[in-house]
Amino acid sequence: MKSLFIYYSYTGNGDFVADYLKQNDFDIRKVIRKKKLPKSFFFGVLAGGFLAGIKHKDKIVDFDEDVLEYDEIVIGSPIWNGRFASPINTVLSKLDLRGKNVTFILYSGSGEGAKALKRIKKEYPEAKVYFLREPKKNPDELLKLSHIIK
Ligand SMILES: Cc1cc2nc3c(=O)[nH]c(=O)nc-3n(C[C@H](O)[C@H](O)[C@H](O)COP(=O)(O)O)c2cc1C
């Protein structure tokens, strides 16, 4: 079974998860925003929180939306303002996930993300969901992913 991890990361937690999955035979595609978020973390949180709140689809760089060869698609997003990070809204609008085994890995400060979870239950009712609390700081959080590691 071929597996692909598509993810976004602003402060490195998603990259940490990606490294782990790469070591476990996942192919990796990182999503890059066309425009960088403000350098200051404070303004980054304000901007990102706002964009996530309005379900904005950010412009992203050269995204390869062809996932035909994969059986399993894992989508990684930070939680912004309780929701998916806005670049992931773009990804979700482009991907054809019909017939795929879909998993979401959501990383956040609290280990929660109620609005993202609500959206997944509605739009991807079959998908598995894992919440990780700041995995870069808490590497044990990766153990939650043991079910998707072959
Ligand atoms: C714009 C923004 C909004 C955030 N909103 C939330 C939130 O609503 N709830 C939460 O628990 N953490 C929130 N966080 C914290 C991040 O979800 C958390 O640090 C995550 O691990 C970041 O992933 P990354 O390092 O891959 O970007 C927010 C961070 C940013 C930058």
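The lining of the second largest pocket, taken by class, is made up of 6 nonpolar, 1 polar and 5 charged residues, and I should say at once that we are looking at a predicted model. The residues in that lining are Tyr8, Ser9 and Tyr10, then Lys30, Val31, Ile32 and Arg33, and finally Lys35, Lys36, Leu37, Pro38 and Lys39. As for volume, the second largest pocket comes to about 240 Å³.

Let me turn now to the largest pocket, which holds about 340 Å³ of space. Its lining consists of 19 residues, and those lying nearest the centre are Thr11, Phe41, Pro78, Ile79 and Trp80. Two or more residues of this lining come from each of the elements α1, α2, β3 and β5, and among the contributors it is α2 that gives the most, with 5 residues. By class, the lining of the largest pocket divides into 7 nonpolar, 11 polar and 1 charged, which you may wish to set beside the 6 nonpolar, 1 polar and 5 charged residues that I gave for the second largest pocket.

What takes up the space of the largest pocket? It is the ligand that occupies this space. The elements that supply two or more residues to the shell around the ligand are α1, spanning 13–23, α2, spanning 41–53, β3, spanning 72–80, and β5, spanning 101–108. Here again α2 provides the largest share, in this case 4 residues of the shell.

The ligand has 20 residues around it, and of these Ser9, Thr11, Ile79, Ser110 and Glu134 come nearest. Sorted by class, the shell around the ligand contains 6 nonpolar, 13 polar and 1 charged residues.

Which atoms of Gly12, Gly14 and Ser110 face the ligand at short range is worth going through one residue at a time. For Gly12, a polar backbone atom is 3.0 Å from an oxygen atom of the ligand. For Gly14, the partner is likewise in the backbone, an N or O atom that lies 2.8 Å from a ligand oxygen. For Ser110, by contrast, the side chain is involved, with an N or O atom there 2.7 Å from an oxygen atom of the ligand. As to overall cover, the ligand on its own has 640 Å² of accessible area, and the protein covers 85% of it.

How values were computed:
Residues numbered from 1 in each chain as written. Predicted model: local features only at pLDDT ≥ 70, side-chain atom pairs only at ≥ 80, totals over all residues. Heavy atoms only, no water. Near = heavy atom within 4 Å. Polar contact = N/O pair within 3.5 Å; in protein donor to acceptor, adjacent residues only side chain to side chain. Areas by Shrake-Rupley, 256 points an atom, 1.4 Å probe, with all protein chains shown as cover. 1 Å grid on protein atoms, 1.4 Å probe; cavity = no way out; pocket = protein on both sides within 12 Å on 5 of 7 lines; lining within 4 Å. Sits in = over half its atoms within 2 Å of the grid points. Nonpolar A, V, L, I, M, F, W, Y, C, P; charged D, E, K, R; others polar. Points joined across faces, edges and corners; volume = space filled by probe spheres on them.
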